[in-house]
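Here are a few notes to read alongside the coordinates. I hope they are handy when you open the file.

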Amino acid sequence: MILFFWISLILVSLSVIGLLIRLIKGPSVPDRVVALDAIGISLVSIVALLSLIFETEFFLEVILLMSILAFIGTAAFAKFLERGEVFDRNSDR
């Protein structure tokens, strides 16, 4: 089973390299944002696989924190792409 985790770790790491190329050379900004989001998910996967390989639970908090940050980053980029700003300063409440 450990061999399966190592192979998965290598494949996910290789996919991060492909996503970095998409992030750098992406033809449009939304493509780059999707690549950045996928990199965040891949990093969470890498940490989860390392947690399984080392048979420890210490990485679970790191996984949770990275997931929250990736979600907030994706939501902020999506709002910026839609409206041109992240925070609404002139909102009517």
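The points below go through the helices, their packing and a few single residues of this predicted model.

1. Let's begin with helix 1. This helix has 24 residues, and its first and last C-alpha atoms are 35 Å apart, close to the 34 Å expected at 1.5 Å a residue. Its buried residues are F5, S8, L9, V12, V16 and L19. What do the buried residues of helix 1 pack against? They pack against helix 2.

2. Helix 2 covers residues 29-54, which makes 26 residues. At 1.5 Å a residue the expected span is 38 Å, and the end C-alpha atoms are 37 Å apart, so the two values agree. Buried positions in this helix are V33, A35, I39, G40, S42, V44, I46, V47, L49, S51 and I53. The cover over the buried residues of helix 2 includes helix 1 (2-25) and helix 3 (60-83).

3. Next, the pairing of helix 2 with helix 3. Two packed helices are described by the angle between their axes and by the distance between those axes. For helix 2 and helix 3 the angle is about 175°, and the axes are 9 Å apart. An angle over 145 degrees counts as roughly antiparallel, and helix 2 and helix 3 are therefore roughly antiparallel to each other.

4. If you would like to look at that contact residue by residue, the helix 2 side consists of V29, P30, V33, L36, D37, G40, L43, V44, V47, A48 and S51. These meet L60, V62, I63, M66, S67, A70, T74, F77 and L81 in helix 3. By class, the contact of helix 2 with helix 3 has 15 nonpolar, 4 polar and 1 charged residues.

5. M66 is a good residue to pick out from helix 3. Leaving aside residues up to four places away in sequence, M66 touches L43, V44 and V47. Is M66 buried or partly exposed? Its relative accessible area is 24%, and buried means under 20%, so M66 is partly exposed. The C-alpha atoms of M66 and A38 are separated by 12 Å, with these positions 28 residues apart along the chain.

6. L50, in helix 2, is one to view together with helix 1. L50 and F5 are 45 residues apart in sequence, yet 8.2 Å apart in space from C-alpha to C-alpha. Setting aside residues up to four places away in sequence, L50 touches L9 and F59. At 24% relative accessibility, L50 counts as partly exposed.

7. Please have a look at the backbone of E55, which follows helix 2 and is found in the loop between helix 2 and helix 3. Most residues other than glycine have a negative phi. E55 is not a glycine, yet has a positive phi of about 50°. With a relative accessibility of 68%, E55 counts as exposed.

8. Finally, a word on the record. An unreviewed UniProt entry annotates residues 6-24, 33-53 and 59-81 as "transmembrane region". In the model, residues 6-24 are 100% helix and 0% strand, with end C-alpha atoms 27 Å apart. Residues 59-81 are 96% helix and 0% strand, and their end C-alpha atoms lie 33 Å apart.

Technical notes
Residues are numbered from 1 along each chain as its sequence is written. This is a predicted model: local features need pLDDT of at least 70, side-chain atom pairs count only at pLDDT 80 or more; totals for chains, interfaces and linings use all residues. Side-chain values use heavy atoms; hydrogens and water are left out. Helices (H or I, at least four residues) and strands (E, at least two) are DSSP runs, numbered from the N terminus. The expected span of a helix is 1.5 Å times one less than its number of residues. Buried means under 20% relative accessible area, exposed over 50%, partly exposed in between (1.4 Å probe, protein chains only). Contact means heavy atoms within 4.5 Å. UniProt positions are given in the numbering used here, feature names are shortened, and annotations may be inferred rather than shown by experiment. Axes are lines fitted to C-alpha atoms, for helices over the stretch in contact, and angles run from 0 to 180 degrees between N-to-C directions. Angles under 35 degrees count as roughly parallel, over 145 as roughly antiparallel, 65 to 115 as roughly perpendicular and the rest as oblique. Ala, Val, Leu, Ile, Met, Phe, Trp, Tyr, Cys and Pro count as nonpolar, Asp, Glu, Lys and Arg as charged, and the others, Gly among them, as polar.
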